[in-house]
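Q: Please take a close look at one part of the surface of this model. Then set that part in the context of the chain.

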Amino acid sequence: MRRTLTTVLSIGAMVALSLSTLTHAAPAGAAAFVDAAMNGNRDAVRAFLKDGVDVNTTQADGMTALHWAAQKGDVELATVLIYASANLKATTRIGGYTPLLIRLQCHEGIDASQALYDWDFPRQLLHLRALEATASIQGSAVRDGTARGGDLDVDAVEASLYDPKVLIARPVLRALRTSPSVLLIDEVDRADDEFEAFL
């Protein structure tokens, strides 16, 4: 009886130890590093890297900081991580996804703009308002005789409204811009025939 109890306790301790190593992928500081990437906190990620945190640290599911940067489309953060030698081929434990997997979820009514790109209209409006304010300030300075004036170049204004800074890259465009990458098109059968033909 005593021997059986000792054996059961030993097996239980080994199982508990192996489970704790499976669920605890990284030390606390390293886990905070991946969490910072998950939250898009570039400054914290840079600070962790300066402190020597392993750039390839994973969460329990295998997600790395580069996985999170790629999933969020944060090119600046992904660039920082790649320069810090992030593993481009790191895979998640469930599904085996690499950081360069880009997913397009199809649904009824999806159109090309939801798959390719869209314009950040609020940002365009703010930019246009800033240009108008700048022009009015310059115009009043010219009337006061304190500055030389000049009208805004309409072509330059129009070009600045459609600058890549105000472009929202959707999955297909992100996959075309990112090399190498894998574009996963999920549930394409739920999309309309026109969208299937587009793909």
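A: **A nonpolar surface patch**

Leu183, Ile185, Val188, Phe198 and Leu199 together make a nonpolar patch of about 360 Å² on the surface of this predicted model. One of these residues, Phe198, belongs to helix H10, which covers residues 193-198. Phe198 has a relative accessible area of 38%. Because a patch takes residues with over 30% relative accessible area, Phe198 passes that cut-off with its 38%. Phe198 still counts as partly exposed, since exposed means over 50%.

Now the chain around the patch. Its secondary structure consists of ten helices and four strands. Read from the N terminus, the order of elements is α-α-α-α-α-β-α-β-α-α-β-α-β-α. The chain has 199 residues, and 24% of them are buried. The exposed area of the chain is about 13400 Å², of which carbon and sulfur atoms supply 57%. Of the contacts with a separation of 6 or more, 69% are between residues 24 or more positions apart.

Confidence varies along the chain. The mean pLDDT is 77, and 76% of the residues score at least 70. Among the elements, helix H3 (residues 42-50) has the highest mean, 94, while helix H1 (residues 2-23) has the lowest, 42. Over residues 4-26 the pLDDT stays under 50, and the model has eight contacts beyond four places in sequence for them. Residues 141-149 also have a pLDDT below 50, with five contacts in the model beyond near neighbours in sequence. Where pLDDT is low, predicted coordinates should not be read in detail.

Notes
Residues are numbered from 1 along each chain as its sequence is written. This is a predicted model: local features need pLDDT of at least 70, side-chain atom pairs count only at pLDDT 80 or more; totals for chains, interfaces and linings use all residues. Side-chain values use heavy atoms; hydrogens and water are left out. Patches are made of residues with over 30% relative accessible area and no salt bridge: like charges are joined within 9 Å, nonpolar side chains (Val, Leu, Ile, Met, Phe, Trp, Tyr) within 5 Å. Accessible areas come from the Shrake-Rupley method with a 1.4 Å probe; for residues, only the protein chains shown count as cover. A salt bridge is a side-chain nitrogen of Lys or Arg within 4 Å of a carboxyl oxygen of Asp or Glu. Helices (H or I, at least four residues) and strands (E, at least two) are DSSP runs, numbered from the N terminus. Buried means under 20% relative accessible area, exposed over 50%, partly exposed in between (1.4 Å probe, protein chains only). Contact means heavy atoms within 4.5 Å. pLDDT is the predictor's confidence in each residue, from 0 to 100.
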